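Work through the exercises below with the coordinates open. Each task is followed by a solution in steps.

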Amino acid sequence: MKKILSAIMIFNILCIAAMSCFFLSGKDFSQAQNESRHIIGACYADFGSEYCSALNSIILPAVNERGDIFLYRDADDSQALQNEQIKELITAGCRLLIIVPVNDTVDEALRYAKEMGVFTILLDTKARRHDLADISIISDDYVNGEHLATYLLMRKSSANILLLSDDDSLSGFADTIKNAGKTDFNIISTAYLKKEPDESITALIRRAKDFDTILACSSEQAYLACAYFPQKSILSIGGSPGEKMRIANGRLLATVTRFPSVIGEAAVKGAYDILNNRHYETSIIVPGKLITADTIGSYDPEKWE
């Protein structure tokens, strides 16, 4: 019995000694674990848009599942603010940034990131210099516009068209309409609707008789068009659940989906290929897909594609 007690006492003494060595060694194991985690940042043009929210719903959990740190910012549709946010995230220790730019003046921040040795991935980029980013993942809006124009030419015998866009993202649509050589199809104006009613919207409403068809460059512009001009034929680039619902109930003629799930997954793969020193593609083009009343039954109206 004494031998057993002695053995137990020796075992306890050894355990206490081992624990003492562990705590007195000065090594911070939690710190070492944190130091091995990647810090990844994301800057979204406008987190109020369904598209950016859909992207984040793919990227955020994928980073979290790997035990890494994910910091993201909303530029609220201001490129000047986004450029500052990019610099702040770099200061916060981000090794890689995923960016949905507001406009092409994001180039300034991309140059800064490159100078600081921080990797960048651009999604649906509006940057002038794609070479400033390590990876560009682009939804091909030129081809998307071609698809919508071809469908419109087939569906209608004539159209006076209003384009809702603040950039050249609808140029594929415009070129296809022009090159078709059909005199009864005309683009009469370009505008951009704001979330709050203003004089520009009032002016468009007064001119409503001048157009019968609208092409919107985004889901949000499509929703506003449906609200302000419910009697017009409306097409869009986006493919959100709201747009699919409007196709199903006849409010929207057609949309092209941008596949944020595919773009988000490609961004995550590209990020970890870079961070783990694996080969990666520098330019990825994600084709869209036309959704109409004839094909809406093949899609889930409650989800992005």
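**Exercise 1.** Which residues of H10 are buried?

Solution. The model is predicted. Buried residues have a relative accessible area under 20%. In H10, this holds for Pro241, Gly242, Glu243, Lys244, Arg246 and Ile247. Helix H10 spans residues 241–248, and six of its eight residues are buried, so the helix is largely enclosed by the rest of the structure. The elements that cover these buried residues include helix H3 (50–65), H9, S9, strand S10 (254–257) and S12. After H10 comes glycine 250, with a positive phi near 85°.

**Exercise 2.** Determine the strand order of the six-stranded sheet and place H9 against it.

Solution. Step one is the order: the six strands run S7-S6-S8-S9-S10-S12 in an open sheet with mixed pairing. Step two is the edges: strand S7 (185–191) and strand S12 (289–292) each pair on one side only. On average, neighbouring strands are turned by 20° against each other, direction ignored.

Step three takes one pair from the sheet. Strand S6 (residues 159–164) pairs with strand S8 (residues 213–216) in the parallel sense, over four bridges. Leucine 164 has alanine 216 in S8 as its bridge partner.

Step four adds the helix. Helix H9 (residues 219–228) packs on the sheet and touches S6, S8 and strand S9 (233–238). The direction of H9 makes about 165° with that of S9.

**Exercise 3.** Classify the ring pair of phenylalanine 211 and phenylalanine 229, and state which parts of the chain the pair ties together.

Solution. The structure holds seven aromatic pairs. For phenylalanine 211 and phenylalanine 229, the ring centres are 5.4 Å apart and the planes stand at 75°. Planes over 60 degrees apart count as edge-to-face, so this pair is edge-to-face.

Next, locate both residues. Phenylalanine 211 is in the loop between helix H8 (199–206) and S8, while phenylalanine 229 is in the loop between H9 and S9, so the pair ties together parts 18 residues apart in sequence. Phenylalanine 211 is buried at 2% relative accessible area, and phenylalanine 229 is buried at 4%.

**Exercise 4.** Which charged end sits over the ring of phenylalanine 211, and which over the ring of tyrosine 272?

Solution. Over phenylalanine 211 sits the charged end of lysine 232, 5.1 Å from the ring centre. Over tyrosine 272 sits the charged end of arginine 66, 4.5 Å from the ring centre.

**Exercise 5.** Which residues form an aromatic cluster?

Solution. Tyr44, Phe47, Phe70 and Tyr72 belong to one aromatic cluster.

Note on methods. Residues are numbered from 1 along each chain as its sequence is written. This is a predicted model: local features need pLDDT of at least 70, side-chain atom pairs count only at pLDDT 80 or more; totals for chains, interfaces and linings use all residues. Side-chain values use heavy atoms; hydrogens and water are left out. Two strands pair if DSSP finds at least two bridges between them. Helices (H or I, at least four residues) and strands (E, at least two) are DSSP runs, numbered from the N terminus. Axes are lines fitted to C-alpha atoms, for helices over the stretch in contact, and angles run from 0 to 180 degrees between N-to-C directions. Contact means heavy atoms within 4.5 Å. Buried means under 20% relative accessible area, exposed over 50%, partly exposed in between (1.4 Å probe, protein chains only). Rings of Phe, Tyr and Trp (its six-membered ring) pair if their centres lie within 6.5 Å; planes under 30 degrees apart count as stacked, over 60 as edge-to-face and the rest as tilted. A charge sits over a ring if NZ of Lys or CZ of Arg is within 6 Å of the ring centre and within 35 degrees of the ring normal.
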